[in-house]
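Please read this briefing alongside the sequence and the coordinates, since each point is meant to be checked against them.

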Amino acid sequence: VCDEHSDYKDAKLLYRFRKDDGTFPLSKDMKVFMRGQSLYEKLVSMEGSILKVREENSVKYQRTFVGCEMIDWLVQEGEVENRKEAVELGRALLEHGIIQHVSNRHHFFDSDNLYQFWTNFRRRRRLTELLNENSSRTLSESPDSPFCLRKLNPDPGNTSFLSVQTNKEIKIVSAVRRSSITSLAGNSNSYFNPTPTLIFPPVAECNPKSVLKRPITNEELLSPGAPYIKKTLTIVGDAVGWGFVVRGGRPCHIQAVDPGGPAAAAGMKVCQFVFSVNGMYVLHLDYQTISSLIMTGPRTLVMEVMEAVE
């Protein structure tokens, strides 16, 4: 949670899903996957779903739907604005291996062709598929893996429908006492859902709000007469780390501070801007680079920060 360990360890350390602190890289491919999963969960949970066992050429197929019926449903449910947009969405889902024509003979069309969800979102999966890069690569070769995004003919054109709409925000844990390892366990239902699926309605993409009231530029910080003062903090790390989280970029700011950690004891506060780390000027760097500098540096940090004059 403090970006101080790059590897997952069997230790009393706190971790959280990157999606919950806004650092998960949502590529277009991942947005397509999440959109497909959201639609699938919505379809299987509703009464009279269009997903049914259907037969074509004496062969039965699971989780199937008729192309034109899917388009009708997408428009009716407000998932898209019109039938053209629905076709574009269906084509993106097919190109990424989430849906397919039952006999792989056709692309997605507004027709009576029969399609099915190819990815089984309800399959129980191991956490190592997410945490272990090598394992993820091996498992992704399976057509049933949710991480196998099989692009057939990706179209870099109109992708406006790929946006993931936020219906409800997840509670964000911005800082916790390092001694309270079990503090999340007793309230796990408030932060994570116990179901094995990765995402489902009504929860969608969730990015935490910055602690800053408004974006600040380097020019504002460094301009003569600016209402900011510079402080030097010496932070001696303990067995767990330093106890703060850096976010943003150019300039970076302190997003969270563990009230029981070394950083708080040294005077670090939320909303301070990181000016230098161990003598290196860092206002022009992003938070990933600064976090890397901190992780690979000595256990004693000398940081210059800038904060607004009260």
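What follows is a briefing on a predicted model, covering a sheet, the packing of helices and the surroundings of one glutamine.

**The four-stranded sheet**

- Four strands make up an open sheet, arranged in the order S1-S2-S4-S3 with antiparallel pairing, and its edges are strand S1 (52-56) and strand S3 (99-101), each of which pairs on one side only.
- From one strand to the next, the twist averages 60°.
- Strand S1 and strand S2 (residues 59-66) are joined in the antiparallel sense over four bridges; lysine 52 has threonine 64 in S2 as its bridge partner, while glutamate 56 has valine 59 in S2 as its bridge partner.
- The hairpin of S1 and S2 has two residues between the strands, and asparagine 57 in this hairpin adopts a positive phi near 55°.
- Strands S2 and S4 also pair in the antiparallel sense, here over three bridges, and the bridge partner of valine 66 in S4 is leucine 114.

**Helix packing**

- As general background, the packing of two helices is described by the angle between their axes together with the distance between those axes.
- Helix H1 (residues 28-45) packs with helix H2 (residues 67-76) at an angle of about 95°, their axes lying 13 Å apart, and H1 is therefore roughly perpendicular to H2.
- On the H1 side the contact is made by Leu39, Lys42 and Leu43, and on the H2 side by Met70, Trp73 and Leu74; by class, the residues of this contact divide into five nonpolar, no polar and one charged.
- Helix H2 also packs on the sheet, where it touches S1, S2 and strand S4 (114-117), and the direction of H2 makes about 35° with that of S2.

**The surroundings of glutamine 272**

- Glutamine 272 lies in the loop that runs between helix H8 (262-265) and strand S8 (273-277).
- Is glutamine 272 buried or exposed? With a relative accessible area of 1%, glutamine 272 counts as buried, because the cut-off for that class is under 20%.
- The side chain of glutamine 272 forms a polar contact with the side chain of glutamate 307, at 2.7 Å.
- When its neighbours within four places in sequence are left aside, glutamine 272 is in contact with Leu233, Cys252, His253, Ile254, Gly267, Val305, Met306 and Glu307, so that Glu307, the partner in the side-chain polar contact, also appears among these contacts.

Notes:
Residues numbered from 1 in each chain as written. Predicted model: local features only at pLDDT ≥ 70, side-chain atom pairs only at ≥ 80, totals over all residues. Heavy atoms only, no water. Buried < 20%, exposed > 50% of the residue type's maximum accessible area, 1.4 Å probe, protein only. Polar contact = N/O pair within 3.5 Å; in protein donor to acceptor, adjacent residues only side chain to side chain. Contact = heavy atoms within 4.5 Å. Axes fitted to C-alpha atoms, helices over the stretch in contact; angles between N-to-C directions. Parallel < 35°, antiparallel > 145°, perpendicular 65-115°, else oblique. Nonpolar A, V, L, I, M, F, W, Y, C, P; charged D, E, K, R; others polar. Pairing = 2+ DSSP bridges.
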